[in-house]
Amino acid sequence: FRLNVTNAGIKNNAPDVIVGTAIQSWQPGVLKVKFQGAPVYGTYKVLDTDYTSYASVYSCINFFLFKIEFAWVLTRDTIPTPEISAMAEKVFTDRNINTGLFVKTVQAAPEVILQPGPCEEKSTKSEFDMSKVKYS
């Protein structure tokens with residue numbers, strides 16, 4: 001299953017768009033995502049989603065003796081309700097992902113933070129179904 005991915009936002013007070021491709025992995029809840037200009041596909045793990053208002057997504061890359069972790073709360077609304085934000089954050093804390101390092105993105109490039117140690121396995125939404133994803 002393959003779909004197009006469009007990330008749009010504001011960067012330096014101007015519209016910023018990047019497009020890519022997502023492919024469903026053989027593992028439930030795991031997508032391989034590649035954006036324009038990227039040399040390889042990244043592994044994006046859908047930790048949880050309700051298919052209509054939010055998805056909690058996680059990725060970890062081993063980099064020599066360090067790891068680089070990325071986490072996103074993807075929402076349909078620019079400003080999600082406090083309930084949706086709390087529900088999405090709980091998904092990370094339940095999997096021992098330190099949300100204290102989270103930085104609210106204002107549609108700009110994320111910072112990369114190197115952390116010591118290898119990536120650990122995180123459980124995904126085992127019954128993730130790409131056919132339930134709502135497109136807008």
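**Exercise 1.** In this predicted model, find which residue of strand 5 is the bridge partner of Lys 45, and describe how strand 4 and strand 5 are joined.

*Solution.* Begin with the bridge itself: Lys 45 is partnered by Tyr 58 in strand 5. Next, consider the pairing of strand 4 (residues 42-49) with strand 5, which is antiparallel and runs over four bridges. Finally, turn to the connection, where four residues lie between the two strands of the hairpin, and where Tyr 51 in the turn has a positive phi of about 70 degrees.

**Exercise 2.** Determine how strand 5 pairs with strand 6, and state whether strand 5 is largely enclosed or not.

*Solution.* Strand 5 and strand 6 (residues 66-75) are antiparallel, with ten bridges between them. Within this pairing, Ile 61 is set opposite Ile 68 of strand 6. The hairpin of these strands has two residues between them, and Phe 64 adopts a positive phi near 55 degrees there. As to burial, seven of the ten residues of strand 5 (residues 54-63) are buried, so the rest of the structure largely encloses this strand.

**Exercise 3.** Work out which residues of helix 1 are buried and which strands they pack against.

*Solution.* First list the buried residues of helix 1, namely Ile 84, Ala 88, Val 91 and Phe 92. These residues cover an arc of only 100 degrees around the axis, which means that they lie on the same side of helix 1. The face turned away from this buried side carries the exposed residues Pro 82 and Glu 83. To complete the picture, the buried residues of helix 1 pack against strand 4, strand 5 and strand 6.

Notes. Residues are numbered from 1 along each chain as its sequence is written. This is a predicted model: local features need pLDDT of at least 70, side-chain atom pairs count only at pLDDT 80 or more; totals for chains, interfaces and linings use all residues. Side-chain values use heavy atoms; hydrogens and water are left out. Buried means under 20% relative accessible area, exposed over 50%, partly exposed in between (1.4 Å probe, protein chains only). Two strands pair if DSSP finds at least two bridges between them. The arc is that of the directions from the helix axis to the C-beta atoms. Contact means heavy atoms within 4.5 Å.
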